[in-house]
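Biologist: I'm new to this one. Can you put it up and walk me through it?

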Amino acid sequence: MERTETNRLMAQLLFPHITKTPEDYEAIYPPRDLPKGAMVTRIAPSPTGFMHFGNLYGALIDERLAHQSGGVFYLRIENTDAKREVEGAVDVILTSLNAFGLSFDEGATAGEDKGAYGPYRQRDRAEIYQTIAKDLVERGLAYPCFCTEEDLQAIHDKQEKAGANYGYYGEWAAHANITVEEAKALIDQGKPYVVRFRSPGKDGNRIKYKDLAKGEIEMPENCNDIVLLKSDGIPTYHFAHVVDDHFMRTTHVVRGEEWLSTFPYHLQMFDAIGWEKPAYVHTAHMLKFDEGSKRKLSKRKDPEARLTYYLQQGYPSACVIEYLMTVLNSNFEEWRRKNPEADLDEFKFKAEKMGIAGAVFDIDKLNDISKNLICKMSGEEVYVATEAWAKEYNPEFHALLTRDPAYSKAILSIGRGGKKPRKDFTVWSDVPDYMAFFFDETFTTDYPFPETMPKEDILKVLQEYPANYYDENDDQQTWFNKVKELTEAMGYAVDMKAYKADPTAFPGSVADISAVLRVAVTGRTASPDTFAVMNILGKDKVLARLNKAAEEL
RNA sequence: GGCCCGUUGGUCAAGUGGUUAAGACACGGCCCUUUCACGGCUGUAACAGGAGUUCGACUCUCCUACGGGUCACCA
C-alpha cells in the first residue's frame with residue numbers, strides 16, 4: 001500500500017481538521033533519555049472507581065520492573081469508553097495504590113497530569129490517534145466503515161450459517177473497497193462511521209511471539225479489519241494501546257492474559273505502522289475456589305477482590321505486597337527468610353520467574369505473612385498503625401484507644417520484642433477484641449471459671465488473693481510464687497507434673513487457681529500473661545474486678 | 001463451537017531427561033507451658049489420564065480429559 005492520490009483524498013475527507021503528522025508527534029515525544037536497561041512501564045486502568053486486587057498485582061510488577069531498573073512507572077487513564085467513567089475515579093486509583101506504597105513517576109494525578117509524555121488521559125489524546133489514523137488512511141492501511149450494528153449482526157449470522165470464522169475480514173469486509181465518492185455521499189447524509197484497519201494478515205499464517213511470562217506463544221495471524229476509531233472519533237483499546245505505548249515510549253507492557261487473544265492485533269499494528277514493539281508480560285489471573293472448581297476472583301462475589309477490603313480489615317500494606325511477591329516470584333520467600341530486614345528493593349524481581357498458571361488466592365498465607373510482620377513491630381508501631389486504621393474504620397474503638405495513649409501502648413507492648421513474640425493478631429481489626437477487657441466499657445462478665453472447681457473454692461481465691469497475696473509492686477517471679485503459695489494453702493497441686501501423674505490426688509492444680517484470677521480480671525480464659533495484664537490495669541482496677549467477680553459469682 | 005493459555009500434595013510452589021520429587025502455608029501428633037499465643041520436634045499428602053521418543057521421562061511430542069480466557073464501535 002502506498003500514498004496514492006485517492007488515499008490522500010480519503011484521508012482529507014475523513015480528517016479535514018488534522019494538520020499534524022506522525023513526525024510532529026515523534027518530535028514532541030522523543031525517545032526517553034534513560035540509562036541502558038531502564039524499563040518504562042505503566043498501569044492503564046479504566047476509571048470505573050473500583051480497584052481490583054488484580055490491579056495491584058499488575059501494578060506491583062510494573063513498579064518493580066521500572067524502579068529496580070532505574071526506569072519510569074506511570075499512570076495512564078483508559079477512559080475511551082465514556083459510559084464506564086466515574087467521577088473521582090482517578091483519585092481512587094491513586095489513593096488505593098498509595099496505600100500499598102506504590103507511587104508513580106508521571107502520569108495522571110488528581111489534578112493536572114504530570115510528565116512530558118502526556119496528556120495521560122486517552123480522551124484528551126484524540127488528536128494524536130486521529131493523526132495516526134489519518135496517516136494510515138493515506139497509506140491505504142485504514143478505511144471508513146459505515147456498517148450499522150444491524151449490518152454487522154447480519155454478517156455475523158451469515159458467517160454462522162456458512163460456518164465461517166466470525167469477524168470483519170476479506171470478502172466479509174463490506175466497505176474495504178469503498179470509494180472516496182461513496183464515502184463522501186454517506187458522510188453528507190450524516191451517516192456515522194468508524195475507521196477500520198486494513199489487516200495485511202493472510203488466512204492460515206501463524207505468528208510467534210516470546211512473552212516474558214508465558215514464553216513462546218504461537219497463534220493465527222490476525223485477518224480482521226478491526227476498528228481503530230469508534231464513530232465518536234475515540235479509539236478502541238487496541239489502537240489506543242499501540243499509539244500510546246509507542247509515543248509514551250513504554251518498553252514493557254504488563255497486562256492480564258485476557259489480552260492474549262487480541263494480541264495478534266497489536267503485534268500486527270505495530271508492524272504495519274512501522275513502530276518498534278514493546279516487550280510483553282501477560283499475567284495469569286488470581287483465582288478463587290468456588291464450589292469445587294477454580295475461577296477468576298470476581299468483584300461481585302468476592303469481597304477480597306476489592307482492594308479496599310484489605311484496608312478495611314486492616315492488613316498492614318507491606319504484608320499484602322509481601323504476599324504478592326511470594327506469588328509473583330517463587331524465590332522471594334527464600335530470599336526473605338535469608339534477609340528478614342532487607343528492603344524490597346534489594347530483591348531482584350524477574351518477569352521471567354513469574355508463574356504461568358493462575359494462582360488460587362490463599363488467604364491463609366496472607367494471614368501468616370501478616371502475623372509474622374506484625375509480631376516484629378514494636379508496641380509503639382502497632383499503636384500508630386492501629387490508630388490510623390481505627391480512625392478510618394472503627395471510630396468507636398478509636399475513641400477508647402486514644403483516650404489514654406500511654407495505657408494503650410502499654411497493652412500493645414505485651415509480649416513484644418522478645419525472641420518468641422506473641423502473634424495475637426493478623427489484622428488491625430483484631431485489636432479491638434484483643435484489647436476489649438482493658439476498658440471497662442467493653443469488659444464482659446460471663447466469667448467462664450473452671451467448671452471442675454467448687455464455687456466456694458473460687459470465692460476463696462477471689463477473696464484470699466487480694467487480701468493476703470496481691471502486691472502491685474511484685475515482680476513476675478514473686479507474683480507467681482504467691483499464686484503458688486495460695487495454691488498450696490488451698491490444698492491444690494503446685495507441681496503440674498505431679499498433678500498430671502495423678503489428678504485424683506488433688507482437688508485441682510495451680511492452673512485452676514491461675515485460671516480463676518485470669519477469668520476474674522479479664523473475663524475470659526484466653527489472654528496474655530495475667531501478671532502483665534494486672535500490671536497494666538493497676539491496683540485499683542484489679543481489686544475492683546476481683547471484687548466484682550466475687551459478687552457476681 | 002473456533003482460537004489461545006494452563007494442569008506437581010488441600011493451597012502456593014521448586015524442579016528443564018537419571019532427585020529418597022525441596023520448601024512455605026494449612027492440617028494432625030508429641031514436647032514446652034499457670035490460659036492463650038509463641039517455639040521445638042514430627043507426621044499425612046503430589047507429577048490429570050493415555051500413547052509415543054528414549055537405556056531412562058514430572059521434564060520432549062501427540063491425543064484425551066478438566067480448568068481458564070477470548071471471540072464488540074468494553075476495556
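Modeller: Start with a helix pair. H14 passes H16 in a right-handed crossing. Keep in mind that this is a predicted model.

Biologist: At what angle do H14 and H16 cross?

Modeller: Roughly 115°. The axes come within 8 Å. H14 covers residues 379–393, and H16 covers 405–412.

Biologist: Which residues make the contact?

Modeller: From H14, they are Gly379, Glu380, Val382 and Tyr383. H16 brings Pro405, Ser408, Lys409 and Leu412.

Biologist: How do the residues of that contact divide?

Modeller: Between H14 and H16 there are 4 nonpolar, 2 polar and 2 charged residues.

Biologist: Why quote both an angle and a distance?

Modeller: Because those two values, taken between the axes, are how a packed helix pair is described.

Biologist: OK, another pair. How do H21 and H22 pack?

Modeller: At an angle of about 35°, with the axes 10 Å apart. H21 is residues 510–522 and H22 is 530–537.

Biologist: Left-handed or right-handed?

Modeller: The crossing of H21 and H22 is left-handed. On the H21 side, Leu517, Arg518, Val521 and Thr522 make the contact. On the H22 side, Thr530, Val533, Met534 and Leu537 do.

Biologist: And by class?

Modeller: The contact of H21 with H22 has 5 nonpolar, 2 polar and 1 charged.

Biologist: Switching to sheets. What order do S1, S2 and S3 take?

Modeller: S1-S2-S3, in an open sheet with parallel pairing.

Biologist: Why is one side of S1 left without a neighbour?

Modeller: S1 stands at an edge and has a single partner strand, so one side has no neighbour in the sheet. The same goes for S3, residues 106–107, at the other edge.

Biologist: How many bridges join S1 to S2?

Modeller: 4, and the two strands run parallel. S2 spans residues 72–75. One thing to click on is isoleucine 43, whose bridge partner in S2 is leucine 75.

Biologist: What follows S3?

Modeller: A loop lies between S3 and helix H5 (126–138), and proline 119 is in that loop. Glycine 118 and proline 119 are joined by a cis peptide bond, with omega about 0°.

Biologist: Which strands make the antiparallel sheet of 3?

Modeller: The order is S4-S5-S8, and that sheet is open. S4 (142–145) and S8 (227–229) are the edge strands. Each has a single partner strand, so one side of each lacks a neighbour in the sheet.

Biologist: What does the twist average there?

Modeller: 45° from one strand to the next.

Biologist: And how is S4 joined to S5?

Modeller: By 4 bridges, with the strands running antiparallel. S5 is residues 194–197. Tyrosine 143 has arginine 196 as its bridge partner in S5.

Biologist: What is notable about phi of arginine 249?

Modeller: The value is positive, near 60°, in a residue other than glycine. Arginine 249 sits in the loop between helix H8 (237–247) and S9.

Biologist: Now pockets. How much space lies in the largest pocket?

Modeller: About 1100 Å³. 35 residues line the largest pocket. The closest to its centre are Pro45, Ser46, Asn55, Glu258 and Trp259.

Biologist: Which element gives the largest share of that lining?

Modeller: H3, with 6 residues. H3 is residues 53–67. S1 (40–43) and S9 (252–256) also each supply at least two lining residues.

Biologist: So S1 is in the sheet and in the lining too. What classes does the lining of the largest pocket have?

Modeller: Yes, S1 belongs to the S1-S2-S3 sheet and gives residues to the lining. By class, the lining has 14 nonpolar, 11 polar and 10 charged residues.

Biologist: And how much space lies in the second largest pocket?

Modeller: About 900 Å³. Its lining counts 28 residues. Nearest the centre lie Glu322, Arg336, Pro340, Leu373 and Lys376.

Biologist: Which elements give two or more residues to that lining?

Modeller: H3, H11 (317–328), H12 (332–338) and H13 (363–374). The residues of this second lining divide into 12 nonpolar, 4 polar and 12 charged.

Conventions
Residues are numbered from 1 along each chain as its sequence is written. Chains are lettered from A and ligands numbered from 1 in the order in which they are written. This is a predicted model: local features need pLDDT of at least 70, side-chain atom pairs count only at pLDDT 80 or more; totals for chains, interfaces and linings use all residues. Side-chain values use heavy atoms; hydrogens and water are left out. On a 1 Å grid over the protein atoms alone, a cavity is a set of points where a 1.4 Å probe fits but cannot get out, and a pocket is an open set with protein on both sides within 12 Å along at least five of seven lines; lining residues have an atom within 4 Å of a point. Grid points are joined across faces, edges and corners, and a volume is the space filled by probe spheres set on the points. Ala, Val, Leu, Ile, Met, Phe, Trp, Tyr, Cys and Pro count as nonpolar, Asp, Glu, Lys and Arg as charged, and the others, Gly among them, as polar. Axes are lines fitted to C-alpha atoms, for helices over the stretch in contact, and angles run from 0 to 180 degrees between N-to-C directions. A crossing is left-handed if the near helix is turned anticlockwise from the far one by less than a right angle, and right-handed if clockwise. Contact means heavy atoms within 4.5 Å. Two strands pair if DSSP finds at least two bridges between them.
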